[in-house]
Amino acid sequence: AGGASTRFGGDKLAARLDGIPVLEHALRAVAQVADPVIVVVSPDAPPPSVPAGLGVEVVPARDLVAHQGPLAGVVGGLEALSWRAASGGDDARPDVVLLVAGDMPTLVPAVLELLARVLDADPSLGAVSLEAEPTSPLPCAVRASLAGPAATALLADDRRSLRGLLGSVPSTTVPSAAWRAIDPDGRTLRDIDTPEDLSER
């Protein structure tokens, strides 16, 4: 949730869609399949507004440097997850992690669950995304033990592409036919870039 919303022209995550902030839609979908939920915001942003009754722990985190793109958000989120595991007495940081953008308001939880399940079934994989045209790196599932070091190395080389991360670890895609059987309209891939996107169905 750490983007600058330049194309939107304002705080798109607070914009209302069906009476609910865009970010809240994403949080409610993710909370149905993941716990905890890490919300990464930019260094100078106010703390994210978290709706009551999600039923999961929501952990705020911040980009170390503003406007470094989603890959920096991934690194910040994984570091927050590691810190939480170490300080909270958990046995280990979860290795299967779902990545979504805060501006994806129509995520289908069953599709997110499928991503995680495919990754979990093959320990050799570092990432799983959805087959789509055009291609989209989000949402995806990543294996923290592989994706974390790869993302850190990419940022150190001033490479900020999330697609670069998917290309730097063993990865696969869930075939379109498989995930579209759950989400025939492809709602999971919808994101909000401009105010006009709020009115699209």
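Is Asp193 buried or exposed? With a relative accessible area of 18%, Asp193 is buried; the cut-off for that label is under 20%. Keep in mind that this is a predicted model.

**Around Asp103**

Asp193 has charged company. Its side chain meets that of Lys12 in a salt bridge, at 3.8 Å from N to O. Lys12 sits in the segment before strand S1 (16-17) and Asp193 in the segment after helix H6 (176-180), so this pair ties together parts that are 181 residues apart in sequence. Lys12 is buried too, with a relative accessible area of 13%.

Now bring in Asp103, which is found in the loop between strand S5 (96-99) and helix H3 (109-121). Its relative accessibility is 8%, so Asp103 counts as buried. The side chain of Asp103 makes a polar contact with the side chain of Lys12, at 2.7 Å. Put the three together and you get a network of salt bridges linking Lys12, Asp103 and Asp193. Leaving aside residues up to four places away in sequence, Asp103 touches Lys12, Leu13 and Val22, along with Arg190, Asp191, Ile192 and Asp193.

**The salt bridges**

How many salt bridges does a search of the whole structure find? It finds five. Here are three of them, with the distance for each pair.

| Pair | N to O distance |
|---|---|
| Lys12 and Asp193 | 3.8 Å |
| Asp95 and Arg143 | 3.6 Å |
| Asp158 and Arg160 | 3.3 Å |

Take Asp95 and Arg143, whose closest N and O atoms are 3.6 Å apart. This pair links distant parts of the chain: Asp95 is in the loop between helix H2 (70-88) and S5, while Arg143 belongs to strand S7 (residues 140-143), 48 residues apart. The two ends get different labels, because Asp95 counts as partly exposed at 26% relative accessibility, whereas Arg143 counts as buried at 8%.

Then there is the bridge between Asp158 and Arg160. Asp158 is exposed, with a relative accessible area of 54%, and Arg160 counts as partly exposed at 36% relative accessibility.

**A pocket with Asp158 and Arg160 in its lining**

Both partners of that last bridge turn up again in the lining of the second largest pocket. About 170 Å³ of space lies in this pocket. Which helix gives the most to the lining? That is H2, with four residues. H2 and helix H4 (144-156) each supply at least two residues of the lining. Besides Asp158 and Arg160, the lining residues include Asp63, Leu64, Val65, Gln68, Ala72, Glu79, Thr152 and Leu155.

**The nonpolar core**

On to the greasy part. In soluble globular proteins, nonpolar side chains tend to be buried together. Here, the largest nonpolar core has 57 residues. Helix H1 (residues 22-31) gives the most to this core, with seven residues. Which residues have the most contacts inside the core? They are Leu115 and Leu165.

Leu165 is worth a look in the viewer. Not counting residues up to four places away in sequence, Leu165 touches Leu71, Val74, Ala147, Ala150, Ala151 and Leu154.

Technical notes. Residues are numbered from 1 along each chain as its sequence is written. This is a predicted model: local features need pLDDT of at least 70, side-chain atom pairs count only at pLDDT 80 or more; totals for chains, interfaces and linings use all residues. Side-chain values use heavy atoms; hydrogens and water are left out. Buried means under 20% relative accessible area, exposed over 50%, partly exposed in between (1.4 Å probe, protein chains only). A polar contact is a pair of N or O atoms within 3.5 Å; within protein, one must be able to donate a hydrogen and the other to accept it, and residues adjacent in sequence count only if both atoms are side-chain atoms. Contact means heavy atoms within 4.5 Å. A salt bridge is a side-chain nitrogen of Lys or Arg within 4 Å of a carboxyl oxygen of Asp or Glu. A nonpolar core is a set of buried Ala, Val, Leu, Ile, Met, Phe, Trp, Tyr and Cys residues joined through side-chain atoms within 4.5 Å. On a 1 Å grid over the protein atoms alone, a cavity is a set of points where a 1.4 Å probe fits but cannot get out, and a pocket is an open set with protein on both sides within 12 Å along at least five of seven lines; lining residues have an atom within 4 Å of a point. Grid points are joined across faces, edges and corners, and a volume is the space filled by probe spheres set on the points.
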